[in-house]
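Q: Could you take me through one part of this structure up close, the place where chain D and chain C meet? I'm new to it, so please spell out the terms as you go.

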Number of protein chains: 4
Amino acid sequence: MRNSDDDPPIITLSAGPVDAYPAVLRALSRPVTYDFDPSFQQFYESTVRKTAKALRTALPPVILQGEPVLGLEAAAAALIGADDVVLNLASGVYGKGFGSWAARHCRELVEIEVPYDDAIDPQAVSDMLEARPDIRILSVCHLDTPSGTVNPVREIGAVCRAHDVLSIVDAVSSFGGMDVHPEDAGADIFVTSPSKCLGGSTGLCILHVSERAWAKIDANPAAPTGSVLSLKDWRDAWRSDVLFPFTPSVSEVHGLEAAVQNYLDEGPERVWARHALTARACRAGIRAMGLDLWPAREAICADTATTVRVPAGLEDGAIRQEARRRYGVVFSAGRGPLMGKLVRIGHMGPVARPIYATVAVTALGGAIAALGGSADVGAGVEAALAVIDLAE
Amino acid sequence: MRNSDDDPPIITLSAGPVDAYPAVLRALSRPVTYDFDPSFQQFYESTVRKTAKALRTALPPVILQGEPVLGLEAAAAALIGADDVVLNLASGVYGKGFGSWAARHCRELVEIEVPYDDAIDPQAVSDMLEARPDIRILSVCHLDTPSGTVNPVREIGAVCRAHDVLSIVDAVSSFGGMDVHPEDAGADIFVTSPSKCLGGSTGLCILHVSERAWAKIDANPAAPTGSVLSLKDWRDAWRSDVLFPFTPSVSEVHGLEAAVQNYLDEGPERVWARHALTARACRAGIRAMGLDLWPAREAICADTATTVRVPAGLEDGAIRQEARRRYGVVFSAGRGPLMGKLVRIGHMGPVARPIYATVAVTALGGAIAALGGSADVGAGVEAALAVIDLAE
Amino acid sequence: MRNSDDDPPIITLSAGPVDAYPAVLRALSRPVTYDFDPSFQQFYESTVRKTAKALRTALPPVILQGEPVLGLEAAAAALIGADDVVLNLASGVYGKGFGSWAARHCRELVEIEVPYDDAIDPQAVSDMLEARPDIRILSVCHLDTPSGTVNPVREIGAVCRAHDVLSIVDAVSSFGGMDVHPEDAGADIFVTSPSKCLGGSTGLCILHVSERAWAKIDANPAAPTGSVLSLKDWRDAWRSDVLFPFTPSVSEVHGLEAAVQNYLDEGPERVWARHALTARACRAGIRAMGLDLWPAREAICADTATTVRVPAGLEDGAIRQEARRRYGVVFSAGRGPLMGKLVRIGHMGPVARPIYATVAVTALGGAIAALGGSADVGAGVEAALAVIDLAE
Amino acid sequence: MRNSDDDPPIITLSAGPVDAYPAVLRALSRPVTYDFDPSFQQFYESTVRKTAKALRTALPPVILQGEPVLGLEAAAAALIGADDVVLNLASGVYGKGFGSWAARHCRELVEIEVPYDDAIDPQAVSDMLEARPDIRILSVCHLDTPSGTVNPVREIGAVCRAHDVLSIVDAVSSFGGMDVHPEDAGADIFVTSPSKCLGGSTGLCILHVSERAWAKIDANPAAPTGSVLSLKDWRDAWRSDVLFPFTPSVSEVHGLEAAVQNYLDEGPERVWARHALTARACRAGIRAMGLDLWPAREAICADTATTVRVPAGLEDGAIRQEARRRYGVVFSAGRGPLMGKLVRIGHMGPVARPIYATVAVTALGGAIAALGGSADVGAGVEAALAVIDLAE
C-alpha cells in the first residue's frame, strides 16, 4: 500500500511546475490552429492584452515560447551590452545564477550577495549605486524559490529609478500569487511564468519590457535577432496583423489564456490572499511541529513556497521519498548549494488553499516521524487550523 | 453564411501547425506533474525511447523545449566551430535560411543553390566536396515546405559519408509522413518536430545526434552550455536518474508521447502510405482542374504538402481568404520570396487522408472560380477520386 | 490504404449521434462534482435557464438523464391517461413508433398515416379532430429522421389549440438546427436532445412541458413517480434549492451547458442558416449526380438530414461500407421498413457547414461509382458549390 | 478567504458522485462516434468484455444508459413477476427503498428490517426462507451508503442458493472498492456503477444477470420491452454485430472503458487495499478525535464510506457547510430518516488514498471545533497516521 515511483503522485505540493487548474488542462486540449490563421492571430492578441491587464500595465508583454529561463537568458542577451556594468543581487540560487547569464554580455559584473536565508537590503543597493555610478543595469530575483525568501523589489526599484539604473526583475515564482507587478516594482524587464502561481502550463514565459528597456535594446548592437532568444523578433508579434517570427506554441497559448482569465475572474486580491493564508498556516504548522523554517525571519518568507530546514540526523531525500511513498505527497528538493539542507513546500495556483497547508504539515511531519525524527504532527495541524480560523 | 476571420476554421489544410490527433489533444490535458517527480522522469525516459524507436535508431534523441527552429539554431551553434567550412544546400526558403544560422558560427559558408521549384543534385554535392576538401559540415533541408519539394537526402548522405563530412538534415516536415530516418539519411544531426506529420503539438523539437556529431560538439569550445540553445545540457536528460537542466514543457511531453505512440500503433508504413496517397490524389486533382503544380516535376513533389502556382491574374491572399470565407478551409501562404507565387495545401497527420485531397481540390477550385479564375472543379474531384480508387 | 472497421471514422456525417463541438468535448472533461454540492446545484439551475432561453420560453424545461427515447417514453407515461384518446401522426418510422408508447397508456389510439416519403396535411388533422371530438392528445414528430422529412408543426399546433387538444412534439432532430420552438409549435410537451443539432453528447434529453400539460399530468393518477421515467420527480430539480430525486449525469450536464452556450453565442439564426445552406447544397449535389432524394418533394426536405434513394441494383449497406472504406466518411442507414431503401446524410452541429455537403456528395458519389453505379460526382460537386456561391 | 457556495469544491470526499480519475475525464472528451459505426460497436463489445472481467464472470453484463437507480428499477421490473413473493432486506435507506420498487411488481413483499446502524444476520434470512418457502426472490443492499454499513452478501447468497431463491444485490457503492463480485455473492442480478469506487462518470449502470435470472425474466410476461427500463432490449447489445435498441450514451461508454481499464491495470486487490486502509485510518482518526462512528460496530463498517454521528448540540448541515466554507472539503449529508443524524465521508476511487483520511479528519474536526463542538484534531490526525504507518 505504498506508492511506488511508478505511481503518479496523489497531491503535488512542489515549488513548480505545479498542477494546472482544470480550466487550463481543458484549454490545452483545444484544437490546434494554423498559427497564421486570423482567428488564432486574434486569439493571440487578445491573450497578450489580457496578460497585460493581469500585469497591470498598458504595455503588451512579450511572450517567449519556452520556460522562464529562456526569458531570463533572452533578457540578459537583449539588454546588457558589452560596455555595461551590471549589479546582480544574490540572495539565493536563482539570483546568483542570473549573474552567469549577465556575465556573458557585460563589461563587469558587480554583486551584492547575502546568505541564502536572508534578503537584500535596499540600503546596500543604494550605497553600491552611489559607490559605482557606472552601474547601468541591476538584476534581482523577487522570490528566490530555492530559499523561499522574498526581496523588497519595490524599494530596490525606487533606488534604481533614483540612480537611473535599468532593472531586471525575476518574478517567476511570485507574480500571480503575490502583489507584485512590473510597474510597482519599477522593473524594466519583468520575467514571469504561467506555470507557477497562475496554475498554467510550463512552456511559455512572459516578459514585460518598459519603453526605457526597449530603447536600450534597440541601441544594443548585440541584441539577438533571428533567434529563439530574441526579444526583438517577438516584440510586435502580439499584433494580430503582424506575422509570427517563428511558430508559437499554440497549445501553450491556449493554456495561458485560460490561466490568465481564471486569475482575472477569481480576482487577483483574492488569489493573493489565499496564497498568503496558506503559507501563513503552513509556517505556523511547521513551527508548532518543532521544525525550523529556512528563512532567517518570518518577514522575508514567501507566500508561495515554504522552506523547511532538514532536521539534524535526517536526509532530505529520504524525507521527500517517505512523504511520497506513504502519502503520495510530493515536495520539492533544494537546489544547488541548498540541496540537502531544506525541503520546499509549494503553495501555488490550485494548491494555494489552506487545506493543503494541513496536508503539507501532515505529510512532512508524518514522514519525519516515520524516519525516527521528531515532529509533533498533531500540534502542527492544530496550529495551521488556528491560523485558518482567524482568517475571514 | 460566410466564415468571418473571428470564426474558427472548419478544416485546416495548412503546412503546419496542423491540428493534432484527438489522442494528442487529450494527452495535453493530463495533469501537470512536478518535473523531478520520479514518475515524470520515467515517463520522459520512456517517451524518448519511443521516439528513438520511431526514428529507427538506438540513440536516444535530444528533445529541446521549443519548436524546430530552436533545434536548427541549436544544431548550428553546437556543431559548427569557428574553423569550419560549411556547405549549405539551398533549394528553398528554409534550406536557404539555415545558412544564416550556419554563417554565425563558421569560418566560411559555401552554398549550392538551385531555383526554388527544383531539388539538389547529389552529383553537384559530390563535385563540390571534391573541389572543396576543407568542407567539414553540410546542411540540407529534406522537404523544403515553402516549395513543397524534396531533396534526395539518402544520396546526399552517402556522398557526405564518402567525404567524411558531417551532415545536418532538416526533416521537420517530412519525418513521420515519409520514409526518412536519421540513419538512412546518414544524418549526423537530424531535426524534426512532433507538430507536423506526427500530428502532435508545436512546443518541442526532436534532434537525433550521431556519435560522430557528439564528438564534434564535445570538441567545439563554443558549443553552448547553460542555455536553452544547448544540446549538451539536454544530452543526458532522457535518463530518469539525471536531473533536467531546465524545466521541460511537461504538457508538450505528454503530447509527444501520445503522438509517437499513435504513429507506432498505426504502423509507420501505413502512415506514410496515406500521406503519399493523399498527395497523389491532390496533385491529380489540381492538374485536372487546369492548375499548375509549383515543383518543376512530379518526382520531387512532397508527400506531405502540395504547392500550387497562383494562376495569372489572381492574388494568393484573395484565394486563401475566399477558401476560408466560403468553405472554412485554411491553406498556407507562401513564405519569403515565394510569398504570392503559390498556395500550399498540407497533408500532415490527421488530414493525411484521401478524402481531404478532394476537400482541398473543391475548396481551392471553388475559391479560384469564385474569384473569376478558371478551375474545373468537377474534373478535379473526379481525378482525385480516380487516384484513390486505384489504391488498395 | 482502405479504412478497416477497426479504424475510427474520418468524417462522420450521420443523422446522429454526431460528433460534439470541441467546446462540448472539453466540458465533458470537467471535474465531476458531488451533485448536492451547492456549486453544482447552481450550475444545474443556470444550465436549465440557458436551455429555456434557447427554447425561447420562460418555463424551465425538465432534463431527463437519458437519451431522447427516455423523454418520449416518459412523456407518454405522464401525459396520457387511461381514458384518453390519442391521435398519433405517422409520416415516418419515428412518428409511427411513438404510437406504441402511447398505446400502452391510452383508451384508444387513432392514427393518421401517410407514406413515409410524405408529410402530414394539417387539414387532415383538423378534419380528424372535428370527426373525433373525444381526442384529447395529439402526437407528432417534427422531423422524422429516418425519412428526412418535416411535418408542419406550427400549423398542426394551431389546429390543436383550436380544438383544445394537448400536443406532444418530437423535435429531437430539428431543434437547434431549424427554427422550431415549443411555444411557436404550440407544443405541450416538446422533446429534444443535446446530441443532434446542438452538437452535444447523447446522455440527456430536454422536455419543455407547458402549464396545461403539467395540469394534465398532475391529474393523471398513473403518471410515474419514484421512477427514472418520471417527469414529476424532476419537475423542480432545476431549482438550486431543491434536491435531485436521483443522481444527475454530472458530465452530461457539463456538456449540455457548453452546447447550449455555444448555440446562443453563435446566434440561433446563424446556426439555422448554416444547417439550411448545407442541406440545400447537398440536395443540389445529389440531384446533379443523377440520384434521387427520398422525400416526395423539396418543400418537406429537412435542413438537418438529407435522405437519398438507393439506386436500383445497388445495396445500401455496400454503399455505406464503401464510403467508409475508401474515404472514412460515415453515413446513416435507414431504419425499420426504410432500411435498405435509402442512405442518410446528416447535417447537424459541427458538420452543418457547406463544405461537408461537398464531402457528402464526393463520398456518396464515389462509393456508388466504385460499386458500378451511376453518379456524376463532378457535376454533383459543382452543383453544390453553385448553391454555396449564391449564399452571402 | 472563505469558499462561497459559488466556488467549486477544493476536495470532494462525498459518498458519490466522486470526482473521476483523470484518465476517465480525458476519455469523456473523446470524439463522439455514430453509435452504429463498426468501430464504436467493437469498442462497446470490448468495453463490456472488460467489465465482465472486472466483475470476474464470463457473462457479459448489461449496461443500462442511466445511473444505478435505473438499474435497480429495471431489475425489479424484469425479474419480479406478479405471482412472486419477495424478501427485501432492509438495514438502511437504500435497502428499504428497493422494497418500493419490488412492491410494484410482486404479489407480496416480505421484509427483514434491522436498525439502520446494524447489518442483516444471515441466520435470520435462513429462518425466514424456511418459514416462507413461497419466497422466490430476495433483495439486499451490500453496502447501504446512507449508513456506511455492509451486509454479509456472501453468506446471504449461500442461503439463497440453498433455498433456490433468486437474489438481487445492490453493490453500487462497494464493487470496485471492496472484494465483492456477482458470482462470489451468489447474485442473480448484481447492480453496480462506474461512478463510485471505479472513479467513472455517473450516467451508466452495470448489471450482471445470471442465466437463472435470464430464464426467470424470459418467463415473466411483464418484463419490460421497448423501454429504457428494459433489460431484455439491451441483453445482446454488447455484441458488435447486434444493433443497439436505443442510442447508448457514447461519451459515458468512453468513460466506463477508461474506468475499468484503470481498475484492471492498477490491480483490483491493490485498489481494494487502499480503500480499506483509507477507511481504517479515517475511523481511527474519528474515534481519536472523540467522535462516534455511526455503525453499531467496527466489523460492519464499509471500506468506501465512513459515517460519523453528529455530536450532540450540533447540526449536520452546519458542519458540512463549515468544512466547505473553511477548507473547501465536501462531505455527504445523510439521507431520508438518517438526514441530520450523521455526516458521511467517502473513500471512493481517486480519493481512496490514506492522505485523504487525514484530510477528512482535519476538515471534519476543524469544522466541529469551529462550531464550538469538541474534537481533538491533533489526536485524530496522529491516530490516522499511526494506522497508515502500520500498513506496508
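A: Let's start with a term: buried area is the accessible area (1.4 Å probe) that two parts lose on being put together, summed over both. Between chain D and chain C that comes to about 4000 Å², with carbon and sulfur atoms giving 56% of it. Keep in mind that this is a predicted model, where local features need pLDDT of at least 70, side-chain atom pairs count only at pLDDT 80 or more, and totals for chains, interfaces and linings use all residues. Residues are numbered from 1 along each chain as its sequence is written, and side-chain values use heavy atoms, leaving out hydrogens and water.

Counting contacts (heavy atoms within 4.5 Å), 58 residues of chain D touch 58 residues of chain C. The rule for salt bridges (a side-chain nitrogen of Lys or Arg within 4 Å of a carboxyl oxygen of Asp or Glu) finds 2 of them across this interface. In a salt bridge between C:Arg324 and D:Asp37, the closest N and O atoms are 2.6 Å apart. On chain D's side, the residues touching chain C split into 26 nonpolar, 19 polar and 13 charged; here Ala, Val, Leu, Ile, Met, Phe, Trp, Tyr, Cys and Pro count as nonpolar, Asp, Glu, Lys and Arg as charged, and the others, Gly among them, as polar.

Now for how the copies sit. Superposed by least squares on the C-alpha atoms of residues with pLDDT of at least 70 in both, chain D lands on chain C with an RMSD of 0.0 Å, after a turn of 180 degrees and a shift of 0.0 Å along the axis. The two copies are thus related as by a two-fold rotation axis. And 100% of chain D's interface residues are also interface residues in chain C, so the copies meet through the same surface.

Conventions:
Chains lettered and ligands numbered in written order.
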